[in-house]
Amino acid sequence: MLEAVYKEIREHMHKSVEAISREFAAVRTGKASIHLLDTVRVEAYETVIPLNQLASVTAPEPRLLAIQAFDKSTVSNIVRAIQVADLGLNPVVDGQMIRIPIPALTEERRKELVKHCRHITEEGRVAARNIRREANERLKKMQKDKDISEDQEADGHDEVQKITDEAIKEMERLLEAKEKEVMEI
């Protein structure tokens, strides 16, 4: 019974860590990454569609992204969506191809990005603590309902804390790696 609770907690914590990892992938560094545009949503065909469903995105050079629209009629919508996404990128249209030069980051912008990454990590920590709180409440209820003993509840709280600490440690590791990536020139 407790193993099922631990398994569920681990899954929730893993999802929180994965969410941070995905958000970090969208944070711009000095290098071109196709993941920079993961958050871009384009208004096309009377709906809002993720960019990667309307075009292929490649990074042919370290400081250049190339977007090949599947349908020429969506090119202007894609350009507009990239500009609205406030990523600090200036797309250049070349027929059905959109080129996005990736400018070098200023020291000030690097510091802003690091601050943003720390904020993302803090949100992840809060999510992990909420998962821990819910798990501990669940353990208390199980003990109150006589499904587990007091000793099992205490052991459960220890295990939940251990799982939480592991998740937060992984979040910190991801933050440290991203900060290093952002700050390297």
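In this predicted model, the largest nonpolar core holds 28 residues, and the members that touch the most others are Ile9, Met13 and Phe24. Three helices each supply at least two residues of this core, namely α1 (2-25), α3 (107-144) and α4 (150-183). The largest share comes from α3, which gives nine residues. To see how one member of the core is placed, take phenylalanine 24: once its neighbours within four places in sequence are left aside, Phe24 is in contact with Cys117, Ile120, Thr121, Leu174, Leu175 and Lys178. There is also a second, separate core of 24 residues, and among its members are Ala32, Ile49, Ala55 and Ile82.

It helps to set these cores within the order of the chain. The protein has four helices and six strands, and read from the N terminus on, these elements follow the pattern α-β-β-β-β-α-β-β-α-α. Of the contacts in the protein with a separation of 6 or more, 63% are made by residues that stand 24 or more positions apart.

The overall dimensions can be described in several ways. Taken along the principal axes, the C-alpha atoms fill a box of roughly 70 × 40 × 20 Å. The radius of gyration of the protein is 22 Å, whereas a compact globule of 185 residues would have one near 16 Å. Of these 185 residues, 39% count as buried, and the accessible surface comes to about 11,100 Å², with 50% of that area belonging to carbon and sulfur atoms.

Helix α2, which covers residues 75-84, shows how burial can be arranged around a helix, for its buried residues are Val75, Ile78, Val79, Ala81 and Ile82. When the helix is seen down its axis, the buried residues of α2 fall within an arc of 165°, and therefore they line one face of the helix. A general property of helices is useful here: an α-helix has 3.6 residues a turn, so residues three or four places apart point the same way. What do the buried residues of α2 pack against? Their partners are the strands β1 (41-44), β3 (55-61), β4 (64-69), β5 (92-94) and β6 (97-101). Just after α2, the chain reaches aspartate 86, which takes a positive phi of about 55°.

The charged side chains add another layer to the picture, with a count of 14 salt bridges. In one of them, glutamate 122 pairs with arginine 125, and the closest N and O atoms are 2.3 Å apart. Because glutamate 122 and arginine 125 are three residues apart in helix α3, about one helical turn separates them. Are these two partners buried or exposed, given that a residue counts as buried under 20% relative accessible area and as exposed over 50%, with partly exposed in between? Glutamate 122 has 33% relative accessibility and so counts as partly exposed, while arginine 125, with a relative accessible area of 16%, is buried.

Farther along α3, arginine 133 forms a salt bridge with glutamate 137, and here the closest N and O atoms are 3.7 Å apart. These two residues both lie in helix α3, four residues apart, or about one turn of the helix. Arginine 133 has a relative accessible area of 40% and is therefore partly exposed, and glutamate 137 is also partly exposed, with a value of 43%.

A further pair is found in helix α4, where glutamate 181 and lysine 178 lie three residues apart, about one turn of the helix, and their side chains meet in a salt bridge at 3.7 Å from N to O. Glutamate 181 counts as partly exposed because its relative accessibility is 33%, whereas lysine 178 counts as buried because its value is 7%. Salt bridges that share partners also join Glu122, Arg125, Arg129 and Glu172 into one network. Lysine 178 leads back to the starting point, since this residue is among the contacts of phenylalanine 24.

One last residue of α3 is worth locating, namely valine 126, which has its place in that helix. Valine 126 has a relative accessibility of 34% and so counts as partly exposed. Its C-alpha atom is separated by 15 Å from that of leucine 175, a residue 49 residues apart from it along the chain.

Technical notes
Residues are numbered from 1 along each chain as its sequence is written. This is a predicted model: local features need pLDDT of at least 70, side-chain atom pairs count only at pLDDT 80 or more; totals for chains, interfaces and linings use all residues. Side-chain values use heavy atoms; hydrogens and water are left out. A nonpolar core is a set of buried Ala, Val, Leu, Ile, Met, Phe, Trp, Tyr and Cys residues joined through side-chain atoms within 4.5 Å. Buried means under 20% relative accessible area, exposed over 50%, partly exposed in between (1.4 Å probe, protein chains only). Contact means heavy atoms within 4.5 Å. The arc is that of the directions from the helix axis to the C-beta atoms. The radius of gyration is taken over C-alpha atoms; the globule rule is 2.2 Å times the number of residues to the power 0.38. Accessible areas come from the Shrake-Rupley method with a 1.4 Å probe; for residues, only the protein chains shown count as cover. A salt bridge is a side-chain nitrogen of Lys or Arg within 4 Å of a carboxyl oxygen of Asp or Glu.
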